[in-house]
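Thanks for coming. Let me put the structure up, and then I'll go straight in.

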2 protein chains.
Amino acid sequence: MAAAATTTATASYSTISPKHNVSFSTNNHHHFNKNALAAPPVIETSKSSSDEVPTVVDVDLGDRSYPIYIGSGLLNQPDLLQRHIHGKRVLVVTNTTVAPLYLDKVVNALTVGNPNVTVESVILPDGEKYKDMDTLMKVFDKAIESRLDRRCTFVALGGGVIGDMCGYAAASFLRGVNFIQIPTTVMAQVDSSVGGKTGINHRLGKNLIGAFYQPQCVLIDTDTLNTLPDRELASGLAEVIKYGLIRDAPFFEWQEKNMQALMSRDPDAFAYAIKRSCENKAEVVSQDEKESGLRATLNLGHTFGHAIETSYGYGHWLHGEAVAAGTVMAVDMSYRLGWIDESIVKRVNSILKQAKLPTTPPEMMTVDMFKSVMATQLEAYQSL
Amino acid sequence: MAAAATTTATASYSTISPKHNVSFSTNNHHHFNKNALAAPPVIETSKSSSDEVPTVVDVDLGDRSYPIYIGSGLLNQPDLLQRHIHGKRVLVVTNTTVAPLYLDKVVNALTVGNPNVTVESVILPDGEKYKDMDTLMKVFDKAIESRLDRRCTFVALGGGVIGDMCGYAAASFLRGVNFIQIPTTVMAQVDSSVGGKTGINHRLGKNLIGAFYQPQCVLIDTDTLNTLPDRELASGLAEVIKYGLIRDAPFFEWQEKNMQALMSRDPDAFAYAIKRSCENKAEVVSQDEKESGLRATLNLGHTFGHAIETSYGYGHWLHGEAVAAGTVMAVDMSYRLGWIDESIVKRVNSILKQAKLPTTPPEMMTVDMFKSVMATQLEAYQSL
């Protein structure tokens, strides 16, 4: 299979012409973009046909613009990280699962040939339940005890929880220091590391405390997926599928043809899926950084999904699993309201099943439970 | 005495021509601006000759610009606040000292003739020692339990601690909501409410966690000073004196002539001193919002002052008291280094004594204590 992590490689995957006059919409303003075939405005500044040269997707946010580097073996290219380190002190924020796998590698990438830089690290417990103020304070404690100054850089090494916490810590430490995202899960690579949403949970709701704060760069080494459990991998694919559904019909069609390649961890297929997802997210974020409108389309499946997570308890289902079941519910509602035809419902069910994702809510969830959660769930809080 | 809270009223106070070729500088880059006589670039959009029309100082920060309203009886003018409330929900953050004095008045100003707006309030314990994460969480708790959404407005009613905490809470709640400053101390009116520095203390240092976050407006009702204890009043004057020293020689000379009027709480003198201080701070902040250089001049006296606060313990001396003694030490050092002549030292001592502020550090402070604190005090942390 040809290298996929390039724009030109798109042609190496078969795509079908849209046979359905796709028009997909819910009352949450999720919709297919009928113009999704138009070339994306995201700038390609580099193309790759080997593992050595990363694909670059630029997030265009004026003076807060930054590159996303995507490719295999990128943690073996120290220059990619070092060009974004402006001071002499770095704090790597990671967790107990990821540290044994990649911390040494990241420290090496930050320091090799660069003796002026010193690296501290703080290793947090792993899991959504630790995405709270008490755990965040451990990051501040470490930064302050290490006497980091305003020119330091925080590096988030891990999944979405680490990225969100490290980003918010960077936004708040000394009123803002630089930070870099090194996401190691599909979910973080295609969604949470891109776009500058950072924050922590409150006991009464997710992501209620945080900041919009953009990194200096995002470095996605696709090799880190080699250590990701199957279930985590599939969970991230729920967000990949979302981009196809909300604004990129050709990408959805590509996924329908290539889901088995993704499930078998074909590196080229994954690099392409990540690049295309990042391009879609970057385009949306560039147009609506602080979610005054368009950005809310990224929440397809998340309204029902949050109800599932809230009712069923975090930790039972992964975020992407709840989003997958929530997406089916949103699609089903759209069909019942007459906004889409049945074929879309079938295709969504089919691709989620291929990705081994749930297509129905947990059995314990009753209609009354959905009603109860969604009635008390704040409009403003649903989409965070 | 003519109304002072106007630009034209400047002439009603005698000013002296600079007799000294003032050049005041320390290694912290604090200096007199020799061009301080030039007209300030701050825009006057309104002038007042009665208690009814506020003086307005605009802080020019592009799309984050905002007005500072200054005058007597402004809390009796509901329109001033209401024009800056865009949603229907307001959270007033105040403390146990200020709430009994002004909370009802503020709630009334927010709601009179405006039945669509509902106001919640959270009353925090009073004091610097409560400027911490635990107390900040009480603001988030109240906001979330009240189900405030992204269109809500936080209102800081109190001194510098309340302003810093409420501002940081507003910066972080749902990744940022609107806020308004209603400072009720001289210190907050002339310094902490202007410029967007918000944050909380960490057990290892002051203001280490926070955000640069600008309010929608600052409303300074000078009548609130009527309830301010003498010592708090004098503490704020330390910052007023600072503006004269670092960049506004005519203002310093005005203060030398009018310190007794300020100490006797002459409302016109106070309105003028507040306006001129806000203009000076607004100019500095407009040029260097995030303290990459010029803004550090605002820290005159704060390097020694922080050492005093750290060694002597917060709560013994007010911030302005430590700054006053620190200013004398900075001036003395500048004199010993040959950067200023003795007359400046005498004038600084004299005006601080007139303001009943300390001009020497606490007796328990030894040279070794200063050395110890200042050697371990981080360069980056001194000026926060």
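Start with A:D63, A:R64 and A:E289, which are linked in a network of salt bridges. Keep in mind that this is a predicted model. Over all chains, the structure holds 40 salt bridges. The general idea is familiar: side chains of opposite charge can pair when their charged atoms come close.

Now go to helix α8 of chain A, residues 267–287. Does its length agree with its residue count, or disagree? There are 21 residues, and at 1.5 Å a residue they should span 30 Å. The end C-alpha atoms are 30 Å apart, so the two agree. The N-terminal end of α8(A) is capped by A:D266. A side-chain oxygen of A:D266 lies 2.9 Å from the backbone nitrogen of A:D268.

Is α8(A) largely enclosed or not? Of its 21 residues, 17 are buried, so the rest of the structure largely encloses this helix. There is a salt bridge in α8(A) too. A:E279 meets A:K275, 2.8 Å from N to O. Both sit in α8 of chain A, 4 residues apart, about one turn of the helix. Are these two charged residues buried or exposed? A:E279 has 6% relative accessibility, under the 20% cut-off, so A:E279 counts as buried. A:K275 is buried as well, at 2%.

Chain B has a pair to set beside that one. B:E239 and B:K242 form a salt bridge, again given as 2.8 Å, N to O. They lie 3 residues apart in helix α6 of chain B, residues 230–247, so about one helical turn separates them. B:E239 is buried, and so is B:K242.

Next, two residues in strands. A:Q181 lies in strand β6 of chain A, residues 178–183. A:Q181 is buried, with a relative accessible area of 5%. What does A:Q181 touch, leaving aside neighbours within four places in sequence? Its contacts include A:A156, A:G163, A:S192, A:P215 and A:C217.

B:N207 is in strand β8 of chain B. B:N207 is buried too, at 8% relative accessible area. Its side chain makes a polar contact of 2.7 Å with the side chain of B:K131. From B:N207 to B:C152 is 55 residues in sequence and 25 Å in space, C-alpha to C-alpha.

Now the interface. Chain B and chain A each put 34 residues into the contact. About 3,200 Å² is buried between them, and carbon and sulfur atoms give 58% of that. Which three residues supply the most of what chain B buries against chain A? They are B:I144, B:R150 and B:R175, with 24% of that area.

How many salt bridges cross this interface? The rule finds 6. One of them joins B:R203 to A:D141, with the closest N and O atoms 3.8 Å apart. Another salt bridge pairs A:R203 with B:E145, at 3.4 Å, N to O. A:R203 is in the loop between β7 and β8 of chain A, and B:E145 is in helix α3 of chain B, so this pair joins two chains. A:R203 counts as exposed at 60% relative accessibility, and B:E145 as partly exposed at 48%.

Polar contacts between chain B and chain A come to 15 residue pairs. On the side of chain B that touches chain A, the elements giving two or more residues are α3, α4, β7, β8 and α13. Helix α3(B) gives the most, with 7 residues. By class, that side has 19 nonpolar, 6 polar and 9 charged residues.

Methods:
Residues numbered from 1 in each chain as written. Chains lettered and ligands numbered in written order. Predicted model: local features only at pLDDT ≥ 70, side-chain atom pairs only at ≥ 80, totals over all residues. Heavy atoms only, no water. Contact = heavy atoms within 4.5 Å. Buried area = accessible area lost by both parts, 1.4 Å probe. Salt bridge = Lys/Arg side-chain N within 4 Å of Asp/Glu carboxyl O. Polar contact = N/O pair within 3.5 Å; in protein donor to acceptor, adjacent residues only side chain to side chain. Nonpolar A, V, L, I, M, F, W, Y, C, P; charged D, E, K, R; others polar. Expected span 1.5 Å × (residues − 1). Buried < 20%, exposed > 50% of the residue type's maximum accessible area, 1.4 Å probe, protein only.
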